[in-house]
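Colleague: I am new to this structure and would like a close look at a single part of it. Please take the lining of the main cavity, then place that part among the other features.

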Amino acid sequence: MEEGIYEQLVTQELHAELESSGRRYETARIDAVDEPHLLARHVSDVVYRHLTAIKDRSDRLNAANDVIRRLDSESAAVEEPARQLLRVYQSEHPGLTNRSSIRPTTPLSEAALLTNASGEPSIGHELPAELASADSVDLVCAFIRWSGVRLLEAQLATLADTDKPFRVITTTYLGSTERETLDRLVRNYGAQVRVQYDNLRTRLHAKAWLFRRHSGYDTAYIGSSNLSNAAMIDGVEWNVRLSRVTTPALIDKFTSTFETYWNSDPSFESYDPDRDRDRLDDALAVASGNRSHRSLTLSTSRLEVRPYPYQQIMLEELQAERDVHGRHRNLIVAATGTGKTVLAALDYRRIAHAAEHRPRLLFVAHREEILNQALRTFQEVLTDPNFGELYVAGARPERRDHVFASVQSLSSYVTEIPANHFEVVIIDEFHHASARTYRQIVDHLQPNEMVALTATPERADGIDVRHFFDGRIASELRLWDALEAELLCPFHYFGIADGTDLSRLSWKRGGYETAELETLYTGDDARARIVLNAVRDKIVAPLNMRALGFCVSVRHAEYMARVFTEAGIPSASVSGKIRGAERTKLLASLGNRSINAIFSVDVFNEGVDIKEVDTIFMLRPTESATVFLQQLGRGLRRTESKPILTILDFVGNQREEFRWDLRLRALTGGSRRSQKQKVIDQFPTLPSGCRIVFDKTSQEIVLASLQRQLTMRWKDMVRELQSVGDITFGEFLDETELPLANLVKDGNKSWTRLRRDAGHLSASGSVLESEILKRNRAFSHVDDPVRAIAYRRLLSDTKTYSELSDRDRRLADMLIFSVWPTGGDFASLREALELLRSEPEACKELIAITDYGFENSRQQTRPLAGSLRDLPLQLHAHYQREEILAALGVASLQSKPGNFREGVKYIDDLNVDAFFVTLTKSDTGFSPTTMYRDYPISRRLFHWESQSTTTLASRTGQRYVNGTSTVLLFVRHRKVGEFGPMPYMFIGPATMADHRGERPIAVTWRLSYEMPAEFFHEAKVAAG
């Protein structure tokens, strides 16, 4: 063996590692008195890597002995035959069994697939061996039975005796879990157990174990085996064994997903046998079918009704409308069956809590059954069975403080009620508001807060109830959130090219001319054959379907009903003229399958609840995304007999004005720009059970439409502005429904240039104006009142930079570096501010964009407290990196904040560590190797991994774990957003809750304030 192998293979790399972390070393001796265990780990890691790289067995033995001799000349050398050290055991509990004496058949460093096949170990054999050496155990399992637990009794007892954590997540799925077994796990084996009680929304069917070890050799099993004897021993079960060594990314995902379920999913509730046994027995009885239940849209924990995540998002948006924007008449839009009444009750509870009393309440609806259900819901939410009085069908209120009244009962005397008597007014089914009886109530009453609830803001008669609220919806339950929450039936959407050419039809008032569409579609036998062929292709049994078809006119509906009936599929048509008993009879015929399809003209867009509908035909181009969703909503109600809703959308060659981007955003969420890639990738990230499939021709049509919208011709935008006149920036975007990105994404496009090209601005622009407006996108994310007010003042004020207060100078720096991220070519910041103000049209545009962004924000922000209270940063606001550095006082013309690319910035004079965290680090989207390094665990906990060069022993690492600095977390979902570089949301300050590892360091930060529900919902790694 070559002399000097220790120096060559160990010393150089070890010294380099120590030097990079700021440690001193000597060539002959390494001083590790301060942190000997860390040094030992460094030495062992380096030696292990080099020894395993030597393939020849004899050379490897010589190298090992050379290392031993140089570390300790008196140590005995390894002699032949060489043996591998498998474990080092030191009993911390005398008398207990050696927990490391049993080893799994599969080495801890390897992955495997176990199928319970002959000749291979079963998972029932491997689990005891895994438990024996684990330092903590996590189990997620759809159901748990004693026949499986008893096979692990000895190991679980040892786990409990050695105080090793054991966490279990399970469900009431099919009533299969045994409550007595859970009781034993808690009482006998010290397990912490969480249970998903809600059988209607039991989504968890996973079966998986995670065994964590201080040595780093974590393992996991993921597969089909529940905790039962059949699954573990003799069932035909498949289970994959993962290892931290070979599949670290999958172990990381397991860990992060489990932590998210455990810490933040409200549907997994802590189980205490003494407290919860009766509740669990009831839930298991319902799940097994041995007891009936009534459907609730709320989650109960002991006596408190808690909002589901989607409801929490809507509540926060509603509160932002009030607190941030001062809007106290608000419209809530959510599909039927998604808990609008529960949301209203939760909102009222919060209002009452803030007021420290229950404000006088009026709840208005048009049917007695709605009022009865609403009253029960409010009583449950408020935990008060005596809350509220009914005013309907002869029942009259006595106290008149909290009244649930029908429109009919109120209409005769509403004008006699003092306008301000009720402090809170909630009006259900607000799409009826155009009726005289509703208008009388809305116009007369003047409450502190009015909340309107509807599933259908756009009515078939052309009335849009949004005009009662300045055209604004305070909060809307997004389709994908409702699907993820399993509130609605999953759908399969098929886009099918029908060969029609719509590009030559007239387009007026935002849509096609009905008469021209009718002429094109009615009597088009070729198109009708395409529709029938699609039905036969996509529907297994057409005579079992219950379908609604949306047509362009009465003639078109009658024609389609005739075509289907003649093809052997009994069908009927419905128009607005068919009412009462006749319509009820038709709906009953659809329900019992006497007919299989009803074709209508917008009749079923609103107000009719047909749960049984399992197929939707889109037979006309629906320009409004809202109406499109209303039509889908007719088939999205969940029933036990309906596993899926099938949607057949027949796609023609549309005019350029047709907005496929709006329709797809309504279906899938996300930015306008992201829709194109989703279509190309065939929508890989839809909610569970949902699919969107375009055939080749329809995909080409949709992609062409999206491309046109993304690259809308400038001359068309100029023509739009000329047609509507010289209106404001916000009015133009609202009037034309053009996205903000059309005017701020491209550095050559601006509102000022558009006005000039449309002839509304005569003065020509300067080179400096153009330079400033190339950065107009940097103002689109402003969502807090501090910057919105300050930027407006700074851009229009005459105070010089030196005359500003210290706080206003920081805000001026944020403004300046937003325009010139690298500082520009200025002698001073005072000069930069003066030059910026010298371009009045550019300043007006920056103010307009800032105002528009802020007015459309739905986020509450708050100032910092304590020693950082004077910083111009607002918690939960969004900032570009240069704004953050300027606010922290470390941006200057010399430092050029736009060039800063590090993940952490330490500000010495503030003793602040500012973390810049991007959750999705890959530009290509899903990245299994990076997605589980930085992520929120709950709304209060955030997992973060340090840079690979930061060691636990370093000064920086010690600052993190000892909490000697203030940590501020700035987090964004991805690098690039709709307008370019995505801004960061400020979610800190934070303190360390836990840490693992030495290099890098995995830290769990505890936030001082809960992160916003919407941000957490989008950022968390686990669905739910």
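## The largest cavity and its surroundings

Modeller: Two helices, α16 (479-484) and α21 (625-633), each supply at least two residues of the lining of the largest cavity. The model is predicted, and every value below was computed from it. Of the elements in the lining, α21 has the largest share, with four residues.

The cavity itself has a volume of about 280 Å³. Its lining consists of 20 residues, and those closest to the centre are A334, A335, A455, L629 and Q630. By residue type, the lining of the largest cavity is made up of eleven nonpolar, six polar and three charged residues.

This cavity is one of five in the structure with a volume of 30 Å³ or more. The second largest has a volume of about 60 Å³. It is lined by 13 residues, and P621, D649, F650, V651 and Q654 lie nearest its centre. Strand β25 (645-653) and helix α22 (660-668) are the elements that give two or more residues to this second lining. The most comes from β25, which gives four residues. By type, the lining of the second largest cavity holds seven nonpolar, three polar and three charged residues.

Next come the charged pairs. Side chains of opposite charge can pair when their charged atoms come close. With a cut-off of 4 Å between a side-chain nitrogen of Lys or Arg and a carboxyl oxygen of Asp or Glu, the count comes to 53 salt bridges. Three single pairs and one network serve as examples.

The side chains of E321 and R472 form a salt bridge, at 2.7 Å from N to O. This pair links distant parts of the chain, since E321 is in helix α11 (residues 309-323) and R472 is in the loop between β16 (449-454) and β17 (475-476), 151 residues apart. E321 counts as buried because its relative accessibility is 1%, under the 20% limit for that term. R472 is also buried, as its relative accessible area is 15%.

R306 and E269 form another salt bridge, with their closest N and O atoms 3.9 Å apart. Here two strands are linked: R306 belongs to β10 (residues 304-306) and E269 to β8 (residues 268-270), with their positions 37 residues apart in the chain. E269 is buried, because its relative accessible area is 7%, whereas R306, at 25%, is partly exposed.

The third pair is D252 and R244, whose side chains meet at 2.6 Å, N to O. D252 counts as partly exposed, at 23% relative accessibility, and R244 is also partly exposed, at 24%. As for the network, D138, R167, R212 and E259 are joined by salt bridges that share partners.

Two further sites complete the picture. A528 lies in helix α18 (residues 525-538) and is buried, because its relative accessible area is 5%. A528 is 36 residues from F564 in sequence, and their C-alpha atoms are 8.7 Å apart in space. At the surface, L113, W238 and V240 make a nonpolar patch of about 300 Å². Of these residues, W238 is found in the loop between α8 (229-234) and β7 (239-243). W238 counts as exposed because its relative accessibility is 55%, and the limit for that term is over 50%.

Key
Residues are numbered from 1 along each chain as its sequence is written. This is a predicted model: local features need pLDDT of at least 70, side-chain atom pairs count only at pLDDT 80 or more; totals for chains, interfaces and linings use all residues. Side-chain values use heavy atoms; hydrogens and water are left out. Patches are made of residues with over 30% relative accessible area and no salt bridge: like charges are joined within 9 Å, nonpolar side chains (Val, Leu, Ile, Met, Phe, Trp, Tyr) within 5 Å. Accessible areas come from the Shrake-Rupley method with a 1.4 Å probe; for residues, only the protein chains shown count as cover. Buried means under 20% relative accessible area, exposed over 50%, partly exposed in between (1.4 Å probe, protein chains only). On a 1 Å grid over the protein atoms alone, a cavity is a set of points where a 1.4 Å probe fits but cannot get out, and a pocket is an open set with protein on both sides within 12 Å along at least five of seven lines; lining residues have an atom within 4 Å of a point. Grid points are joined across faces, edges and corners, and a volume is the space filled by probe spheres set on the points. Ala, Val, Leu, Ile, Met, Phe, Trp, Tyr, Cys and Pro count as nonpolar, Asp, Glu, Lys and Arg as charged, and the others, Gly among them, as polar.
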